[in-house]
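Student: Could you take me through one part of this model closely? I would like to look at the salt bridges and the residues that form them.

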Amino acid sequence: MKCLITGASSGIGRDMAKYLAKLGHNVILVSSDMQKLDKVGREIEKSTTFQCDLRKEEDVDRLVELIKRERPKVVINNAGFGAFGFYDEIELDREMEMVSVNVIALHKITKACLEYMGEKEKNYILNVASSAGLMPGGPMMSTYYATKSYVKSYSLGIYKELKYLKRNISISVLCPGPVNTNFNKVAGGTFSVKALSSEYVAKYAIKKMFKEKMVIVPGLTMKLGVFFSRFTPTKLLLQILFKIQHKKNLI
Ligand SMILES: NC(=O)c1ccc[n+]([C@@H]2O[C@H](COP(=O)([O-])OP(=O)(O)OC[C@H]3O[C@@H](n4cnc5c(N)ncnc54)[C@H](OP(=O)(O)O)[C@@H]3O)[C@@H](O)[C@H]2O)c1
């Protein structure tokens, strides 16, 4: 089966690509960094690479054209990044780039997939959000949390529509807590809680995606956290989240 993964040059995306290849699938690896892509491509036998900076509209359009041409049966919208800090410490341009990669590119790619997918056999979309997307807001990571809420909300709405329309497409949303990847280096902070390995999260996510799970939350701690957050008043939850984020040592 042909699979396409954005953000396949490192972390969760790279490990999902490796696992899919191990299962015998062909993978198209997408990221903005050709050097990193080539390195990952050499490690994965049945892979091709596609350089694409998802901050740029013209690059997203090129990727959408590739998707329409290649018609991968599995598309994983994994590329994304965050930024730690108070709202006035993060540049507006950086926040807009985050919205472009985490939200706009993901939306355009999902929309393109929904056009051609599900004609004969089952096709799969996996949108990578975060446990952040299940929270009411994320003090000191406000834009990031907001982008991930969008990913969750958009994906779940589409999930219900696909069920109603009986389309042969499965859409899942992945909501991990902290995972050991390059994420912190890019975002400029550290985790104050224990992180899962990206290999574990990647394998877990792919297995659950093929089982057509709607919301995928890896790890017992995060499952419990998400469960109890449902019964916690919003102001209290924001206070807890602020404490967790504020404890992070800003680099
Ligand atoms: N790590 C965590 O704790 C955690 C928790 C919950 C959710 N997530 C989500 O998981 C996803 C993967 O992140 P990760 O943790 O694996 O971090 P990572 O190791 O930093 O990987 C991020 C990937 O996104 C790609 N990317 C970033 N900006 C891009 C751009 N402009 N154009 C194309 N690709 C771009 C990067 O590729 P290039 O730099 O090569 O372009 C890289 O392959 C993200 O959506 C993240 O929000 C992570």
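**Salt bridges up close**

Tutor: Happy to! Arg55 is a good place to start: in this predicted model, Arg55 is partly exposed, with 39% relative accessible area. Its salt-bridge partner is Glu97, and the closest N and O atoms of the two are 3.7 Å apart. Glu97 belongs to helix α4 (residues 92-116), while Arg55 sits in the loop between β3 (47-51) and α3 (57-70), so the pair links distant parts of the chain, 42 residues apart. Glu97 has a relative accessibility of 24%, and therefore counts as partly exposed too.

Next comes Glu119, which forms a salt bridge with Arg71, again with 3.7 Å between the closest N and O atoms. Here the loop between α4 and β5 (123-128) carries Glu119, and the loop between α3 and β4 (74-77) carries Arg71; the two residues are 48 residues apart. Glu119 is exposed at 61% relative accessible area, whereas Arg71 is partly exposed at 39%.

Those two loops also hold Lys73 and Glu121, whose side chains meet in a salt bridge at 3.6 Å, N to O. Lys73 lies in the loop between α3 and β4 and Glu121 in the loop between α4 and β5, so this pair ties together parts 48 residues apart in sequence. Lys73 is partly exposed at 26%, and Glu121 is partly exposed at 45%.

Back at Arg55, there is a wider picture: salt bridges with shared partners join Asp53, Arg55, Arg94 and Glu97 into one network. In total, the structure holds 14 salt bridges.

Notes: Residues numbered from 1 in each chain as written. Predicted model: local features only at pLDDT ≥ 70, side-chain atom pairs only at ≥ 80, totals over all residues. Heavy atoms only, no water. Salt bridge = Lys/Arg side-chain N within 4 Å of Asp/Glu carboxyl O. Helix = DSSP H or I, 4+ residues; strand = E, 2+ residues; numbered from the N terminus. Buried < 20%, exposed > 50% of the residue type's maximum accessible area, 1.4 Å probe, protein only.
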